[in-house]
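Trainee: I'd like a close look at one part of this model, please: the place where its domains meet. Take your time and connect the pieces for me.

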Amino acid sequence: MTTHLDAVSKTYGSPLRARIHPTVALHPTTLTLGSGVIGLLGPNGAGKTTLLRLLSTAMAPTAGRIVVEGHQTTASPAERTSARRLIGYLPQEVVFPRGMTAFGFLDYIAVLKEWDQTTARRAEVRRVLTLVGLQERSTVKVRKLSGGQRRRLAIAQALLGEPRLLILDEPTTGLDPEQRATLRRILSEQAGTVLLSTHQTEDVSALCDRVVVLDAGRIRFDSAVADLLATASDHVHVGPQENDGAVHTWRTGTGMVRSVGGLPRSGATPVPPTVEDAYLLLRSRSLDEGALR
């Protein structure tokens, strides 16, 4: 399973305005996504949601081409439809039709996904309801579900048909720790490619083999999670006072100060970095590079 972006970019605004004052959400990006769970990190406004919408075919790129398992989404409508059959997509916000039950909503989405055989379609709906722990709430109206339950229902619709490319935008929002752990198990068992956009760096460290960091519409890092951690090795300390010139500091529950970056002061001890530490350092370096341009 391979998804490839070739010099894909997205610019907003009318053609005339885009030429004079372009609003660039995604600069020309070339990226290949293979099998496994890939984390997508970046600050708000970095272009993450734009990238996910382009991959899901919810919007067309301004330039470049996208190929999902041999089907070019930026070519003919037929090719785009063939690619869509392989994709499951969870946007940040899901609008549920009023009055539907949890089962009815998923059955409706399955019909849109061309599940024509009623028996097979309803079996698939029951399968994904069970996966996300909503089998006992299947006949409850969506409006009566809690926020976390509605989020799980939104995740369930993305899982219909065991998609080869699963695109998730902030899937753990509103989930409690137990539900997040369950989702991690579900995603770890998916075949094909899972692209997980999140602000929860612990989800990346717990689940992902690879991480892509997007900032200001450009890829700043793309490698194994272990490689991201290595960039912060010996740059994170715990001590009685903050490092000189630290990027970020905070007082821990032990009363000691954790410093990311900077020069350690007396009594500081280096500690293994987390994904969050490494991301904060990378983000700081990206900002410094931007200031120099």
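Mentor: Let's start with a rule: a salt bridge here is a side-chain nitrogen of Lys or Arg within 4 Å of a carboxyl oxygen of Asp or Glu. Searching the whole structure with that rule turns up 13 salt bridges; bear in mind that this is a predicted model. One of them sits inside a helix: Glu-124 and Arg-127 pair up with their closest N and O atoms 2.8 Å apart. Both belong to helix H5 (residues 118-131), three residues apart, or about one turn of the helix.

Now for your domains. The domain assignment splits the protein into domain 1 (3-228) and domain 2 (230-292), and their C-alpha centres are 32 Å apart. Where they touch, 14 residues of domain 1 are in contact with 11 residues of domain 2. Together the two domains bury about 1000 Å², with 64% of that on carbon and sulfur atoms. On the domain 1 side, Thr-201, Arg-220 and Leu-228 supply 47% of the buried area, more than any other three residues.

How many salt bridges cross between domain 1 and domain 2? The count is one. Look at Asp-215 and Arg-283, whose side chains meet in a salt bridge at 2.6 Å, N to O. Asp-215 falls within the bounds of domain 1 and Arg-283 within those of domain 2. As for polar contacts, six residue pairs make them across this interface. On the domain 1 side, helix H8 (201-207), strand E9 (210-215), strand E10 (218-224) and helix H9 (225-230) each put in at least two of the residues that touch domain 2. H9 gives the most, with four residues. Sorted by class, that side of domain 1 has eight nonpolar, three polar and three charged residues.

Over in the residue range of domain 2 (230-292), have a look at the sheet. Four strands form an open, antiparallel sheet in the order E12-E13-E11-E14. Its edges are strand E12 (248-251) and strand E14 (269-270), each pairing on one side only. E14 pairs with strand E11 (residues 236-239) in the antiparallel sense over two bridges, and Val-238 stands opposite Thr-269 of E14.

Conventions. Residues are numbered from 1 along each chain as its sequence is written. This is a predicted model: local features need pLDDT of at least 70, side-chain atom pairs count only at pLDDT 80 or more; totals for chains, interfaces and linings use all residues. Side-chain values use heavy atoms; hydrogens and water are left out. Two strands pair if DSSP finds at least two bridges between them. Domain bounds come from an automatic or database domain assignment. Contact means heavy atoms within 4.5 Å. Buried area is the accessible area (1.4 Å probe) that two parts lose on being put together, summed over both. A polar contact is a pair of N or O atoms within 3.5 Å; within protein, one must be able to donate a hydrogen and the other to accept it, and residues adjacent in sequence count only if both atoms are side-chain atoms. Ala, Val, Leu, Ile, Met, Phe, Trp, Tyr, Cys and Pro count as nonpolar, Asp, Glu, Lys and Arg as charged, and the others, Gly among them, as polar.
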